[in-house]
Amino acid sequence: MLRGKGLDFLCEAHNGMSARIVEEAGFKGIWASGLTLSGSLGVRDNNEASWTQVLEIVEFMSDATHVPILLDGDTGYGNFNNLRRLVSKLESRQIAGVCIEDKLFPKTNSFIDGERQGLADIEEFCGKIKAGKDTQRDDDFIIVARTEALIVGAGLKQALARAEAYRKAGADAILIHSKKRSPDEIEAFMREWGDRHPVVIVPTTYYSTPTARFEALGISLIIWANHILRSAVSAMRRTAEDIRKLQSIAAEEDRIAPVAEIFRLQGAKELQQAEERYLPRE
Ligand code: SPV
Ligand code: MG
């Protein structure tokens, strides 16, 4: 998906069931988002959930699906050594890759006080990338290096310098993040960057730009980073409020997924078939 011609897409999921829904919708890959993994646990996107708690969730996501999963690994949960351990554990759970960002642990989401956040030292971050690449055993495991230079207001020159350093350190792709409502920063970056190395973007704020525009710019991968959790939150709130107000589920029953659909998503049928095979017949 990174190296092929044309544009590809990852969609966010945050647990086994949402991952299966995203795969069934036809996405060729899944973004295990830090924002939505933490959000679905009811905690903040500030590394409040520990890295092993994140690992446990992505293991459920991996078990539930067949398409590649890219974990939003924040800053790598520590220094180069913590990233080494993370890479081995992700590989053992068949996670396809990890994205790490050049901020400081504990990180804060890019859309909260972006300008007040500090960037990692370039050399230190390059060491982290190298350590991750040296640790992987599967040649297909990928490390995406995300620069937050534009998020913290450090400017295009800094973003380009960091992206180039991370490319040289061995990153498989560069994620350039922007919180502008227009794609101007991304366009300016791509004009200078050219086709040096695959580029990934997250158009959460500049969503109204048609994706064909990004394809023309030479972007390899677009991440729809949070839309499954956001749609679930709207649906859950409406259902909970309606049921409480009306003291009835009659108005909701046809609008929500039937229980049979939950069983299907859980793979209940396979267990029934296995029981036929393995349980003693009466
Ligand atoms: C995430 O999905 O957690 C991301 C993307 O890192 S963003 O929320 O835009 O920072
Ligand atoms: Mg994140």
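Where is the place of Asn47? In this predicted model, Asn47 sits in the loop between H2 and helix H3 (51-64). The backbone there is a bit out of the ordinary: Asn47 has a positive phi of about 60 degrees, even though the residue is not a glycine. As background, most residues other than glycine have a negative phi, and most peptide bonds are trans. The second half of that rule has its exception here too, since the peptide bond from Phe105 to Pro106 is cis, with omega near -5 degrees. Pro106 is found in the loop between E4 and helix H5 (122-135).

On to the overall fold. Eight strands close into a barrel, and going round it the order is simply E1-E2-E3-E4-E5-E6-E7-E8, with parallel pairing. From one strand to the next the twist averages 25 degrees. In general, strands of a sheet pair through backbone hydrogen bonds, either parallel or antiparallel. One pairing in the barrel can be picked out as an example: strand E6 (residues 173-176) runs parallel to strand E7 (residues 199-201), and two bridges join them. Ile174 has Val199 of E7 as its bridge partner. As for what covers the strands, helix H4 (residues 80-92) lies across strand E3 (69-72), strand E4 (97-101) and strand E5 (142-147). Relative to E4, helix H4 runs at about 155 degrees.

Now for a pair of helices, H1 and H10. Two packed helices are described by the angle between their axes and the distance between the axes. For H1 and H10, the axes come within 10 Å and cross at roughly 90 degrees. That angle falls between 65 and 115 degrees, so H1 and H10 count as roughly perpendicular to each other. On the H1 side the contact is made by Met17, Arg20, Ile21 and Glu24, and on the H10 side by Ile262, Arg264, Leu265 and Gln266. By type, the residues of this contact split into four nonpolar, one polar and three charged.

These two helices turn up again around the largest pocket, which has a volume of about 530 Å³. Its lining has 19 residues, and the closest to the centre are Met17, Ile21, Ala232, Ala257 and Ile262. Helix H1 (16-24), helix H9 (227-246) and helix H10 (259-266) each supply at least two residues of that lining. H9 gives the most, with seven residues. In terms of chemistry, the pocket lining comes out as eleven nonpolar, five polar and three charged residues.

Then there is the enclosed space. Rolling a probe the size of a water molecule over the atoms shows where empty space is left. In this model the count comes to two cavities of 30 Å³ or more. The largest cavity has a volume of about 160 Å³. Among its 17 lining residues, Leu35, Asn109, Arg146, His177 and Ala225 lie nearest the centre. The full lining of this cavity divides into five nonpolar, seven polar and five charged residues.

The second largest cavity holds about 100 Å³ of space, and it brings the story back to Asn47, one of its lining residues. The others in that lining are Gly34, Leu37, Ser38, Arg44, Asp45, Glu48, Ala49, Val54, Asp72, Asp74 and Tyr77. Helix H2 (residues 34-41) gives the most to the lining of this cavity, with three residues. Sorted by type, the lining of the second largest cavity has four nonpolar, three polar and five charged residues.

Technical notes: Residues numbered from 1 in each chain as written. Chains lettered and ligands numbered in written order. Predicted model: local features only at pLDDT ≥ 70, side-chain atom pairs only at ≥ 80, totals over all residues. Heavy atoms only, no water. Pairing = 2+ DSSP bridges. Helix = DSSP H or I, 4+ residues; strand = E, 2+ residues; numbered from the N terminus. Axes fitted to C-alpha atoms, helices over the stretch in contact; angles between N-to-C directions. Contact = heavy atoms within 4.5 Å. 1 Å grid on protein atoms, 1.4 Å probe; cavity = no way out; pocket = protein on both sides within 12 Å on 5 of 7 lines; lining within 4 Å. Points joined across faces, edges and corners; volume = space filled by probe spheres on them. Nonpolar A, V, L, I, M, F, W, Y, C, P; charged D, E, K, R; others polar. Parallel < 35°, antiparallel > 145°, perpendicular 65-115°, else oblique.
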